[in-house]
Amino acid sequence: MLSNIGNSILFLSVLLCFSIIYYSFQNLKTNKDSITKIIFQLCVLQSTFIIISFLTLIAGFLISDFSLIAVYQNSHTLKPALYKIAGTWGNHEGSLLLWVLILTLFSFFFLILNKNHSKNYRIYTLIFQNILILGFLFFLLFNSNPFSVISPEPKEGLGLNPILQDPALAIHPPLLYIGFVGSSIYFSAAIASMLSNYSGKLFAKSIKNWVLVSWSFQTIGILTGSIWAYYELGWGGFWFWDPVENASLLPWFVMTALFHSLIVLEKRNLLYFWVIILCILTFILSVTGTFLIRSGILNSVHTFANDPSRGIFILIFLSLMIFTSVFVLFKKLKINSYNVNFYSKETFVLINNWFMIFYLITVMLGTVYPIFTEVLNDSKVSVGPPFYNTVIIPVVIFFLFFMSIGPKVRWIKDNLKNLNVILGILFFSILINFLIFYLFKSYSLISNFIIISSFFLIFSSLIDFVEHFKNHSIKNYSRIISHMSFGLLVLFIGLNHNFSLEKDLNLKLGEKITFEGYSLKFEKLYLKEFKNYKAIIGEFEVNNLKDNFNLSLYPQIRIYENPNTLTYEASIKTGILKDYYLTMSNIDRSDYYNVKFQKKPFMIWIWISVILISLGGFLRLFKNEKKNY
Amino acid sequence: MKLKIIIIFFLLQLNTINAKVLVADPNIIFKNLRCLICQGQSVADSNSEFAQTLKLVVKDKIREGKSEKEIYEFLIDKYGEWIVYKPPFNKVNSLLWILPYFALLIGGLIIMALVKKRSNR
């Protein structure tokens, strides 16, 4: 039953897409300044239908309607309701429906929120956005239909992958999707802008909030994934340079470059075509990431059961997108003469873009390089954390210095006048680094530079903040918060990296071991039954010998039955200054357990820094709202 | 004056070069090795039997006095380049290591060109 409802609604949505495109072209032919009512009505209808189809799928999961293959394969009657609902997007088909939902909602809101922009520009945007929606609807209907039925109806579902049975599944994918599916709207707008000759400042004004929205959500989405990986995967790290993580980071780099360039376009009417290229690139990278993961070309912890036919569909679609956008771009491209002074804000925005593109190329190359060596040279290489750290970290040092100085430089032309302040901040940063280095623990030269440069950025932003506060100007708080938090992020990552303690031990029940100022005792081991799993729980007592500080940690080995899987749950004690992190796993044919003890300083501050970075984005959004509408 | 103090501090920073660890740290090596039978996990992060064995091998090699680099070379000989997360610099991997910096250089030149145009006029 639900299958019929879902399929008919999706089919109707396809018809709606066609009619929206048809009426839009009709509207373009008339000379009227306004968009006809029928288009608005169709768009309302379209959004409603897609929302209903999404709710239908959620209902399918909630009532465990196993006649739907997607439900049968990814749910189970014994699952808690939250995981039934979140399971809707915990699989390929459902997540694709979420993808279409976000495409449609962005299309609708862009149409109704941009009333004071040119009609043709809005109509063209609508047309291209609907072509995208249509493409993904076809993909849904012909290849990855979440409403496909299975008969006879199975009695019980196969269950959701235990790693996904986590509250984070409810928020991580939707947040991330708002980020990179949201970027579709400025992809469409960029092409529309070229076709309708609606360029320059007005174009920048019309998309800047959309870029900010997607960037802020992308940031938070990446963060939630990172936190999830930290406590779920039991590795104790928060970033693994896994292909999927990279796929979410690539659009983030371009978005960041984009909204910095947008400021130049809005204020100085420069860089129009560069902005267009970045708009197009963001969404193309989002789709490329999806293609690489869903087709199974790149393997990672995120791999759904994959299927090459999906890959081919996305690849065709991607090629069409690239071909169209490049074609329009070359037809319209004009090389303008630029008017940029060496020491001006424009130059620093260009420098931001320069570094972002460098990060982009490095991460992209690292992600796809193994594919090429395998195909061309038949050699398998792994590109992992040590590669990225070696290539990127030295460059970050310079990036942080530019990021500190850039925002204070004026538009058009400025002189280097506050050299004394800069030297003062530098002096102070070196001093603090020096104190940390000699008082606590020595670390490598490159870490020294990282910590100095991040302090430099933090202090510069703080001084900026105080000056703004004195002048009662609220103009740049959002930027100051984001920049300062980026400094904090790099600082805490640096400290975390250098002051982490990691011990890999094999312990028997009752055994006690002492190392580097800590002692660890394996106290107890017991079995406990939970609603959807059984758990072997170990009780460990950690003793900090210096402060005589005690704490108990309870890592688990979980045994899930549907589907039959073993997972290892870390036990984490989060604190203001440091996290204690303990995992335990059984060793075959032995009484010993492999126990990994980790002390991770400032973990919580890494999360807080990223939250503040995206908070800057949201604040800017509210400020723009107040000013423009 | 300030500049001089900064220079002195920088010289003090040079001490840090000597702070390098002389004995290879097994935990760092484990992180840089791929667990060949897992999906996207390093040896340090994996609970598999393969990872446990490899950890013992690495510890033995350190005991034998092998350097970090020698251990990687030994493992690459045995299992292929797939096992290390930092691809060695050779003919096949040269593009991977050079292209990012090449892009950085080109980007810098483009910005220089854009900015210079103005000062010539």
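The centres of domain 1 of chain A and domain 2 of chain A, taken over C-alpha atoms, are separated by 45 Å in this predicted model. The domain assignment of chain A places domain 1 at residues 1-165, domain 2 at 388-499 and domain 3 at 502-604. For the model as a whole, the scores are ipTM 0.84 and pTM 0.92.

## Strand pairing in chain A

Strand E3 of chain A, residues 518-529, is joined by 11 bridges to strand E4 of chain A, residues 533-544, and these two strands run antiparallel. Within this pairing A:Lys524 stands opposite A:Glu539 of E4(A), and the connection from E3(A) to E4(A) is a hairpin through three residues. E3(A) also takes part in an antiparallel pairing with strand E2 of chain A, residues 512-515, where four bridges join the strands; here A:Thr514 stands opposite A:Ser519 in E3(A). The hairpin of E2(A) and E3(A) has two residues between the strands, and A:Glu516 takes a positive phi near 30° in it.

E4(A) has further antiparallel pairings, one of them with strand E5 of chain A, residues 549-553, over five bridges, and another with strand E6 of chain A, residues 556-560, likewise over five bridges. In the hairpin that E4(A) and E5(A) form, four residues lie between the strands, and A:Asn548 in the turn has a positive phi of about 50°. The table collects these pairings, each with a pair of residues that stand opposite one another, together with the pairing of strands E9 and E10 that is taken up below.

| Strands (chain A) | Sense and bridges | Opposite residues |
|---|---|---|
| E2(A) and E3(A) | antiparallel, four bridges | A:Thr514 and A:Ser519 |
| E3(A) and E4(A) | antiparallel, 11 bridges | A:Lys524 and A:Glu539 |
| E4(A) and E5(A) | antiparallel, five bridges | A:Asn543 and A:Asn550 |
| E4(A) and E6(A) | antiparallel, five bridges | A:Tyr533 and A:Tyr560 |
| E9(A) and E10(A) | antiparallel, nine bridges | A:Tyr581 and A:Gln598 |

An open sheet of four strands in chain A has the order E1-E10-E9-E8, with antiparallel pairing. Strand E1 (501-507) and strand E8 (571-573) of chain A stand at the edges with a single partner strand each, so one side of each is left without a neighbour in the sheet. On average, and with direction ignored, neighbouring strands of this sheet are turned by 15° against each other. Inside the order given above, strand E9 of chain A (residues 578-586) and strand E10 of chain A (residues 593-601) pair over nine bridges in the antiparallel sense, and A:Tyr581 stands opposite A:Gln598 in E10(A).

## A loop residue in chain A

A:Ser295 belongs to the loop between helix H11 (272-294) and helix H12 (308-332) of chain A. Why does A:Ser295 count as partly exposed? It has 18 C-beta neighbours inside 10 Å, and a residue is called buried at 20 or more such neighbours and exposed at 12 or fewer, with partly exposed in between. The C-alpha atom of A:Ser295 is separated by 45 Å from that of A:Ser460, which is 165 residues apart from A:Ser295 along the chain.

## Chain B and its contact with chain A

Chain B has six helices and zero strands. Its domain assignment gives domain 1 (23-88) and domain 2 (90-121), and the centres of these two domains, taken over C-alpha atoms, are 35 Å apart. Of the 121 residues in chain B, 26% are buried. Among contacts in chain B between residues at least 6 apart in sequence, 39% join residues at least 24 apart.

Contact between the chains involves 43 residues of chain B and 52 residues of chain A. On the side of chain B that touches chain A, the elements that give two or more residues are helices H1 (2-13), H2 (15-18), H3 (26-31), H4 (49-63) and H6 (94-120) of chain B. H6(B) supplies the largest share of this side, 13 residues. By class, the side of chain B that touches chain A has 20 nonpolar, 13 polar and 10 charged residues.

The mean pLDDT of chain B is 80, with 77% of its residues reaching 70 or more. Among the elements of chain B, helix H5 (residues 68-79) has the highest mean pLDDT, 90, and H2(B) the lowest, 53. Where pLDDT is low, the predicted coordinates should not be read in detail.

Terms used. Residues numbered from 1 in each chain as written. Chains lettered and ligands numbered in written order. Predicted model: local features only at pLDDT ≥ 70, side-chain atom pairs only at ≥ 80, totals over all residues. Pairing = 2+ DSSP bridges. Axes fitted to C-alpha atoms, helices over the stretch in contact; angles between N-to-C directions. Domains from an automatic or database assignment. Contact = placed C-beta atoms within 7 Å. Nonpolar A, V, L, I, M, F, W, Y, C, P; charged D, E, K, R; others polar. pLDDT = per-residue confidence, 0-100.
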